[in-house]
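Me: Please take a close look at one part of this model, the largest cavity and its lining, and then follow the salt bridges outward from there.

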Amino acid sequence: MKILFYNHTGQISGAERVLLAILSGGDRRRFIPAVLCPANGPLMNRVGELGVRTIAIDTLAARFTLRVDRLANYAASFVRLIRAARVAVINEAPDIIHANSIRAGLVMSVATIRLDVPVVWHVHDLLPRHPLSTAIRLFAATSRRNRIVAVSRAVANRFQGQLTHRFRGRVETIYNAVDIERFYPDPQSRKEIRRALGIDAAKVIGIVGQLTPRKGQLELIEAFAETSREFPDTVLLIVGEPIFNRDAEYAKSLADAAKASGVADRVLFLGQREDTPAIMRALDLLVVNSSTEPFGLTVIEAMASGVPVLATAVDGIKEIVRHGETGWLVKARNHDSLVKGMLTLLRDQSLRDQLGGQGRREAIARFSIKRFVGEVEQLYDVAQIGNLRTEPQVKNLRYKSRPRANKTELNSTAE
């Protein structure tokens, strides 16, 4: 079965890490993958390293906004990408398309009109409360070719909104996975990474993820400054970088906040790291201070590493963490709750050990790569069978009415 994956950006964030997990763990004897994505970013190279064929396409420039001028530009970008995507689909003739975001799902569902190929929308984000969201729901529900896989029940519920009846049987929740062979406890590695980072502190706290306001790095710095009064021999690692231009100013404000709070010498900005498993092992505590969080991939990575997790009780995180058992939950956007939670865990080594140990057992039991890839591949089977039942076509005839695009045409539209 040929699977064409489409990712609308060439950068690597949480959704792209999930895509790479599918590609690396998939059964190549049954499923033949190819990835359509922009070349301007690290994703294409990472996919190529896995031995998966890649096809270049422009980056989709589209975001949710209420500004009419920007909406017009975004609409133009959609039209260009839809045309290029259709050319690629005709050339590839896949059995299934795996669109790795809401935007990717929109592009591919339009690009494949009358091509009768199932489109799996892999929804990693909470659909914004925006006037366009209802239109997106209605469009996704229109064709029986579309199947929705959400990374959490919170994401699935938000995507369906009040249209649950229209999506009946076509929305499934598949929790993300963590690679247990990469994320695991290792005391020796813990010492080595601390030494490499020049850390000589009693306790190390970390936050990992894109630098953006919804991740709450600024509020964590403020809380860290307060907890440091009781635990001065503590370091805060901030791992990640701003992905979008508007977040560059936010990233600068984090350094300013650390200086203003008097903890600049104990806050290390590590930027984007390729050695996240080692960074996790260096921590005594991972903090996830998000105001919204569709799933929380770093949560299960820390759990697998045996690192206790303190996280806000929002969205998908509440489906992963059981308070006091596999992690510690606090109220979102609440300074006092965050400080109290940090102090509780910093004071109690046995509690941290308990949460870390149980968290690892939970990660192995619920969030393995084998379980995740197996559920995704089962979804492909169901999607193909469902499409044949509702829109019966002979696979070999599916693309005959449309001539195969030549290489010149493909390059002019997709690169």
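Reply: What follows begins with the cavity and then turns to the salt bridges.

The model is a predicted one, and the search for enclosed space in it comes to one cavity of 30 Å³ or more. About 110 Å³ of space lies in the largest cavity, and its lining is made up of 13 residues, among which Phe-5, Ile-22, Gly-26, Phe-31 and Pro-33 lie nearest the centre. By class, that lining holds nine nonpolar residues, three charged ones and one polar one. Four elements each supply at least two residues of the lining, namely strand 1 (2-6), helix 1 (14-25), strand 2 (32-37) and helix 15 (369-390). Of the contributors, helix 15 gives the most, with three residues.

Helix 15 also takes part in a salt bridge, in which Asp-381 pairs with Arg-30 and the closest N and O atoms are 2.9 Å apart. This pair links distant parts of the chain, since Asp-381 belongs to helix 15 while Arg-30 sits in the loop between helix 1 and strand 2, 351 residues apart. As for exposure, Asp-381 is partly exposed, with a relative accessible area of 23%, and Arg-30 likewise counts as partly exposed at 39% relative accessibility.

The whole structure contains 17 salt bridges, and two further pairs can be set beside this one. In the first, the side chains of Arg-53 and Glu-92 meet with an N to O distance of 2.5 Å. Arg-53 lies in strand 3 (residues 53-56) and Glu-92 in helix 3 (residues 68-92), so this salt bridge ties together parts that are 39 residues apart in sequence. The two partners fall into separate exposure classes, because the buried class takes values under 20%: Glu-92 counts as buried at 11% relative accessibility, whereas Arg-53 is partly exposed, with a relative accessible area of 45%.

In the second, Arg-366 forms a salt bridge with Glu-362, and here the closest N and O atoms are 3.2 Å apart. Both residues belong to helix 14 (residues 349-366), and because they are four residues apart there, about one helical turn separates them. Glu-362 is buried, with a relative accessible area of 8%, while Arg-366 is partly exposed at 28%. This pair is also part of a wider arrangement, for Arg-322, Glu-325, Glu-362 and Arg-366 are linked in a network of salt bridges.

Terms used: Residues numbered from 1 in each chain as written. Predicted model: local features only at pLDDT ≥ 70, side-chain atom pairs only at ≥ 80, totals over all residues. Heavy atoms only, no water. 1 Å grid on protein atoms, 1.4 Å probe; cavity = no way out; pocket = protein on both sides within 12 Å on 5 of 7 lines; lining within 4 Å. Points joined across faces, edges and corners; volume = space filled by probe spheres on them. Nonpolar A, V, L, I, M, F, W, Y, C, P; charged D, E, K, R; others polar. Salt bridge = Lys/Arg side-chain N within 4 Å of Asp/Glu carboxyl O. Buried < 20%, exposed > 50% of the residue type's maximum accessible area, 1.4 Å probe, protein only.
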